[in-house]
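Here is a friendly note to read alongside the model. Have a look at the structure first, then follow the points below in order.

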Amino acid sequence: MKVVAFKRELQGTGASRRLRISGQTPGIIYGGAEAPVTIALDHNALYHALKKEAFHGAVLDLEIDGKVQKVLLRDFQMHAYKQLVLHADFQRVDANQPVHVKVALHFENAEVSPAVKLHGATISHVTNEIEVSCLPGQLPEFITVDLTNMDVGTSLHASNLTLPEGVTLITHGSDLTIATASIPAGQVAAEAAATEEKK
């Protein structure tokens with residue numbers, strides 16, 4: 001994905017406020033061998049890009065003055081109640097250096113799992129993203145979570161995921177729970193009552 005930015009000379013709260021009034025969002029690019037560069041981005045283009053899942057986890061082509069740099073979106077601040085992006089941080093990436101990135105999870109096949117098909121259970125997504133390490137060129141847009149074998153009372157953990165080649169999970173010492181399957185409390189109570197009536 002491509003992002004067009006402009007070098008920003010003026011800094012400070014007043015300058016940032018004027019930028020936002022003119023329809024732009026202040027930002028910064030940092031990392032790598034070069035010094036950090038303050039930038040301005042078109043607010044509307046950035047706002048709509050942030051709605052796309054790939055924008056948050058993909059290596060982006062950031063163009064400044066005709067020169068393209070490979071970057072990752074590292075952080076952004078939204079206004080508390082307005083649809084306004086206040087600031088965006090981008091980090092330069094080196095094609096030969098691994099990056100640590102949070103990647104979105106896409107859940108599939110819940111409806112054919114024993115938990116749902118046989119028991120009418122609910123599968124809860126405990127987390128919607130995981131942290132991985134890989135070279136920028138191997139960064140997946142998302143990771144698929146196959147729920148085909150989920151049954152009631154079971155959990156799916158990060159160690160159960162099938163990761164693309166070259167992608168390593170960052171666990172921070174714990175095997176993160178990804179999804180759980182359980183029968184809703186109301187349904188359990190209703191089934192218990194039905195059993196009682198039959199006696």
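**Notes on the largest pocket and a few residues**

1. A good place to begin is the lining of the largest pocket, which by class has five nonpolar, four polar and six charged residues. Please keep in mind that this is a predicted model.

2. How much space lies in the largest pocket? The value is about 270 Å³. The lining consists of 15 residues, and those closest to the centre of the pocket are His-56, Gly-57, Lys-102, Val-103 and Glu-129.

3. Which elements supply the lining? Helix H3 (53-57), strand E5 (67-78) and strand E7 (99-108) each contribute at least two residues to the largest pocket. Among the contributors, E7 gives the most, with five residues.

4. You may also want to view the pocket in terms of domains. Domain 1 (2-92) and domain 2 (99-193) each provide at least three residues of the lining of the largest pocket.

5. Next comes an annotation from a record. In an unreviewed entry, UniProt places the feature "domain: Large ribosomal subunit protein bL25 beta" at residues 99-184. In the model, this span is 5% helix and 42% strand, and the C-alpha atoms at the ends of residues 99-184 lie 40 Å apart.

6. Ser-133 is worth finding on your screen; look in strand E9, which covers residues 129-134. Is Ser-133 buried or exposed? Its relative accessible area is 16%, and because buried means under 20%, Ser-133 counts as buried. Leaving aside residues up to four places away in sequence, Ser-133 touches Pro-98, Val-99, His-100, Gly-166, Val-167, Thr-168 and Ile-170.

7. Now to the backbone at Asn-109. This residue is not a glycine, yet it has a positive phi of about 65 degrees. Asn-109 sits in the loop between E7 and helix H4 (114-117). With a relative accessible area of 28%, Asn-109 is partly exposed.

8. His-172 also has a positive phi, of about 55 degrees, although it is not a glycine. Where is His-172 placed? You will find His-172 in the loop between strand E12 (168-169) and strand E13 (177-182). Its relative accessible area is 64%, and exposed means over 50%, so His-172 is classed as exposed.

9. For a second look, you could return to the pocket and pick out E7, which supplies five residues of its lining. From there, follow the chain to Asn-109, in the loop between E7 and helix H4.

Technical notes: Residues are numbered from 1 along each chain as its sequence is written. This is a predicted model: local features need pLDDT of at least 70, side-chain atom pairs count only at pLDDT 80 or more; totals for chains, interfaces and linings use all residues. Side-chain values use heavy atoms; hydrogens and water are left out. On a 1 Å grid over the protein atoms alone, a cavity is a set of points where a 1.4 Å probe fits but cannot get out, and a pocket is an open set with protein on both sides within 12 Å along at least five of seven lines; lining residues have an atom within 4 Å of a point. Grid points are joined across faces, edges and corners, and a volume is the space filled by probe spheres set on the points. Helices (H or I, at least four residues) and strands (E, at least two) are DSSP runs, numbered from the N terminus. Ala, Val, Leu, Ile, Met, Phe, Trp, Tyr, Cys and Pro count as nonpolar, Asp, Glu, Lys and Arg as charged, and the others, Gly among them, as polar. Domain bounds come from an automatic or database domain assignment. UniProt positions are given in the numbering used here, feature names are shortened, and annotations may be inferred rather than shown by experiment. Buried means under 20% relative accessible area, exposed over 50%, partly exposed in between (1.4 Å probe, protein chains only). Contact means heavy atoms within 4.5 Å.
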